[in-house]
Amino acid sequence: MTRSDWLEQAINLACGLLLLTAVGALWRREVSALIPILSVQGIALTAIAALLASEHPAGAEAVVVAVLVGALKVVVIPLLLRRVHRLVPGARETRPLVNVASSLLAAAGLSLLAYAAAGPLIDASPSPTARATPVGLALVLIGFFVAATRQRAVSQIVGLLLVDNGIAATAFLATDGVPLIVELGVSADLVLAVLVLQVLTARMVRTFGDGDLDDLRELHD
Amino acid sequence: MTADVRGLVIVALALGQAVLLAVLAPYVLGLTRAVRARLEGRAGGRLGQPWRDLRKLLRKGPTSPADASLVFVAAPPVLMATSIVVAGAAPFVATASVAGRADLIVVVGLLLLGTVALALAGLDTGTAFGGMGASREMTIAALVEPTLLLSVFALSVRVGSTDLATIVSAGATDPASVFTPASALAAAALAIATLAEGGRIPVDNPSTHLELTMVHEAMVLEYSGRDLALVEWASSLRLTILLGLLANLFVPWGVATALTPIGVLIGAAVFVVKVGLLAVALAVGEVFTAKLRLFRVPELLAGSFALALLAVLAAAVLG
């Protein structure tokens, strides 16, 4: 096998892992299981960034982006989520708006939609890895679905993180990589979102003893 | 080889393969039971115990409930016949002998025909348990059969054919093409579908008659004697068929791609070893997992369906 063959196989494997973890995030109800799933997805995303960086003509900046993505998605965000999880240990999605079986079927449908929608993108993009962009789009759609149908604050932020991973994957695969400054901005936003969630969950636990966003339906003095 | 001789060889091979699987199937069941018993610290039965049970049952005459119709009487032969046809026609030992005959859709359709025959028989007797088992079986089959189809479609995208023999021989001659993300996803989906279709933990517990959980046992409750023997034999044959498909589609090495005597013998030996290993893995897995609540089963099956669809998608997108 030549080097480019090997590279393509590795990127395909990482894309497969992205899809698998997205389905896994829909499948499992326990919040404690979502965090490792998200870490694995972070690893797959970092692998894609690193593999593309090794091919990149102006390597240094791409390598920095890959390292940044790895540090953020594999270390920092799981760490923060674990701290949130510790506030409500044993939390699980007891009553998602769409039950798990239907949401898995919906995920399958969303993936098909992503595949259909990505056709023009693939045609327009010059890079050979662009064939895998439907994976990124599917991740975005599944992430939105998770964020829209889950009740717990942590699960909703997991959905948003899926969306972000999807956008990042699409950016890496369809273009020649993301400029460092853009990646820095996105990362800062993401960390901020998770931190806000942590504060929110802490306050909700103090007030209601639980992290269920449905408790926020009514206004109180 | 002239065309006539070749035709004869092909028929002989298909018959031989069907006989091999029919003889092997109860031993596969015996192996899973023996491994399970050993791991749980029990003595357990011997490998041949299912065969002894079958022989005992085959000697006894069947009894039918008073209200049973032809559907009840016909179900065991239909189940057995469809299983035997699949056992003879699918690429288990050699691919050249079955090329062009073992289309995926035919194989899944035959398996489904057997499932439906048994479910109808469960309804036919009009007992509470039979109807309950049949309705559960249909709930499961509605998700399992599409998964079976889709997970193999993921492999057929690469080959460009739904002929099982073509898929298996393409995998056997080009090993690199077997290890792709698509085939990993498809393997996971097909494994779950196999567990559900074979009635194993975590979907159904084959060793209990507990009315809250049983699926297969509930449907065959009214059978006795020869009929029961046929049903049990056919169920073990279906499990062997599914394990064999799983083995040959995702680990295709050893299967005979040419019609030489040595190749066919090696193919048969390798097939027996592969199915044996899968049966041991199945038994070990069963020791460590609990049966799912019936209401959680559709979640598992929907998950496997989603995996299969993603496998097809990955095969189309990533290649």
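**Close-up views of the contact between chains A and B**

**View 1. The contact between the two chains of the predicted model.** The contact draws 21 residues from chain A and 17 residues from chain B. On the side of chain A that touches chain B, the elements giving two or more residues are helix 1, helix 4 (100–117) and helix 6 (133–149). Helix 4 of chain A contributes the most to this side, with nine residues. By character, the residues of the side of chain A that touches chain B comprise 17 nonpolar, three polar and one charged.

**View 2. Helix 4 of chain A against helix 11 of chain B.** The two helices pack at an angle of about 10°, and their axes are 7 Å apart. Angles under 35 degrees count as roughly parallel, and helix 4 of chain A and helix 11 of chain B are therefore roughly parallel to each other. From helix 4 of chain A, the contact is made by V100(A), A101(A), L104(A), L105(A), A107(A), A108(A), S111(A), L112(A) and Y115(A). Helix 11 of chain B brings P298(B), E299(B), A302(B), G303(B), F305(B), A306(B), L309(B), L310(B), L313(B) and V317(B) to the contact. The residues of this contact divide into 16 nonpolar, two polar and one charged.

**View 3. Helix 1 of chain A against helix 11 of chain B.** The axes of helix 1 (residues 3–27) of chain A and helix 11 (residues 297–317) of chain B come within 11 Å and cross at roughly 160°. Because of this angle, helix 1 of chain A is roughly antiparallel to helix 11 of chain B. Their crossing is right-handed. Helix 1 of chain A makes the contact through G16(A), L19(A), V23(A) and W27(A); helix 11 of chain B does so through G303(B), A306(B), L307(B), L310(B) and A314(B). Seven nonpolar residues, two polar and no charged ones make up the contact of these two helices.

**View 4. V23(A) and its contacts in both chains.** With neighbours within four places in sequence left aside, V23(A) is in contact with L104(A) and A107(A) of chain A, and with G303(B), A306(B), L307(B) and L310(B) of chain B. L104(A) and A107(A) are among the residues by which helix 4 of chain A contacts helix 11 of chain B.

**View 5. The largest nonpolar core.** This core has 181 residues. The members that touch the most other members are L18(A), V23(A), I48(A), I142(A), L185(B) and A311(B). Helix 11 of chain B supplies the largest share of the core, 16 residues.

Technical notes. Residues are numbered from 1 along each chain as its sequence is written. Chains are lettered from A and ligands numbered from 1 in the order in which they are written. This is a predicted model: local features need pLDDT of at least 70, side-chain atom pairs count only at pLDDT 80 or more; totals for chains, interfaces and linings use all residues. Axes are lines fitted to C-alpha atoms, for helices over the stretch in contact, and angles run from 0 to 180 degrees between N-to-C directions. Helices (H or I, at least four residues) and strands (E, at least two) are DSSP runs, numbered from the N terminus. Angles under 35 degrees count as roughly parallel, over 145 as roughly antiparallel, 65 to 115 as roughly perpendicular and the rest as oblique. A crossing is left-handed if the near helix is turned anticlockwise from the far one by less than a right angle, and right-handed if clockwise. Two residues are in contact if their C-beta atoms, placed from the backbone, lie within 7 Å. Ala, Val, Leu, Ile, Met, Phe, Trp, Tyr, Cys and Pro count as nonpolar, Asp, Glu, Lys and Arg as charged, and the others, Gly among them, as polar. A nonpolar core is a set of buried Ala, Val, Leu, Ile, Met, Phe, Trp, Tyr and Cys residues joined through C-beta atoms within 7 Å. A residue is buried if 20 or more other C-beta atoms lie within 10 Å of its own, exposed if 12 or fewer, and partly exposed in between; C-beta atoms are placed from the backbone.
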